[in-house]
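Welcome! Take a moment to look over the sequence and the 3D view before reading on.

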Amino acid sequence: MKIGFRIKELRLSEGYSQKDLSIKSGLSERTIQRIEKNEVNPTSHTLQVLGEVFGENFHQFRKEDFSTNNKEKMNKLYVFWNRIIKFKINILSLFLKKSK
């Protein structure tokens, strides 16, 4: 579950509006909107502040997001290097054909 959905779920279960949560947390209403829409990844400080409001530990989500982002980055690197290797193989095979 994405952290924004969890925060929205908790906010609604407590009966808070986004403005109420803004006042309780000291975060801007726009920040809360962006977090709930998963447009941004909240900082560690923001997670701590929201965790204090709801009595939750949100740092577990930070680790999940990092893990997912890491996998996505590694996959992109794999695709990139795979293309480079294929390109080099094609170039080498062209040179080998010309030298025959």
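Here is a short tour of some contacts, charged pairs and a surface patch.

Please keep in mind that this is a predicted model. Five salt bridges are found in the structure, and we will visit some of them after a stop at a buried glycine.

**A buried spot in helix α1**

- Start with G4, which sits in helix α1, a helix that covers residues 3-14.
- Is G4 buried or exposed? With a relative accessibility of 0%, G4 is buried, because the cut-off for buried is under 20%.
- Leaving aside residues up to four places away in sequence, G4 touches I35, E36 and N38.
- Take I35 as an example: 31 residues separate I35 from G4 along the sequence, yet their C-alpha atoms are 5.1 Å apart in space.

**A salt bridge between two helices**

- One of the contacts of G4, E36, also takes part in a salt bridge: its side chain meets that of R11, at 2.6 Å from N to O.
- This pair links distant parts of the chain, since E36 belongs to helix α3 (residues 29-36) and R11 to helix α1, 25 residues apart.
- Both partners are tucked away: E36 is buried at a relative accessible area of 6%, and R11 is buried at 6% too.

**A network around R6**

- Which residues join R6 in a network of salt bridges? They are E9 and E56.
- The side chains of R6 and E9 meet at 2.6 Å, N to O.
- R6 and E9 are three residues apart in helix α1, so about one helical turn separates them.
- R6 also forms a salt bridge with E56, and here the closest N and O atoms are 3.3 Å apart.
- That second pair connects distant parts of the chain: R6 lies in helix α1, while E56 lies in the loop between α4 (44-54) and α5, 50 residues apart.
- E9 is partly exposed at 40% relative accessibility, and E56 is partly exposed as well, with a relative accessible area of 31%.

**A nonpolar patch on the surface**

- Now turn to the surface, where M74, L77, F80, W81, I85 and I89 form a nonpolar patch.
- Together, these residues have about 640 Å² of accessible area.
- One of them, F80, is found in helix α5, which covers residues 59-99.
- F80 counts as partly exposed because its relative accessibility is 46%, and partly exposed lies between the cut-offs of 20% and 50%.

Definitions and conventions:
Residues numbered from 1 in each chain as written. Predicted model: local features only at pLDDT ≥ 70, side-chain atom pairs only at ≥ 80, totals over all residues. Heavy atoms only, no water. Helix = DSSP H or I, 4+ residues; strand = E, 2+ residues; numbered from the N terminus. Buried < 20%, exposed > 50% of the residue type's maximum accessible area, 1.4 Å probe, protein only. Contact = heavy atoms within 4.5 Å. Patch = residues over 30% accessible without salt bridge, like charges linked within 9 Å, V, L, I, M, F, W, Y side chains within 5 Å. Areas by Shrake-Rupley, 256 points an atom, 1.4 Å probe, with all protein chains shown as cover. Salt bridge = Lys/Arg side-chain N within 4 Å of Asp/Glu carboxyl O.
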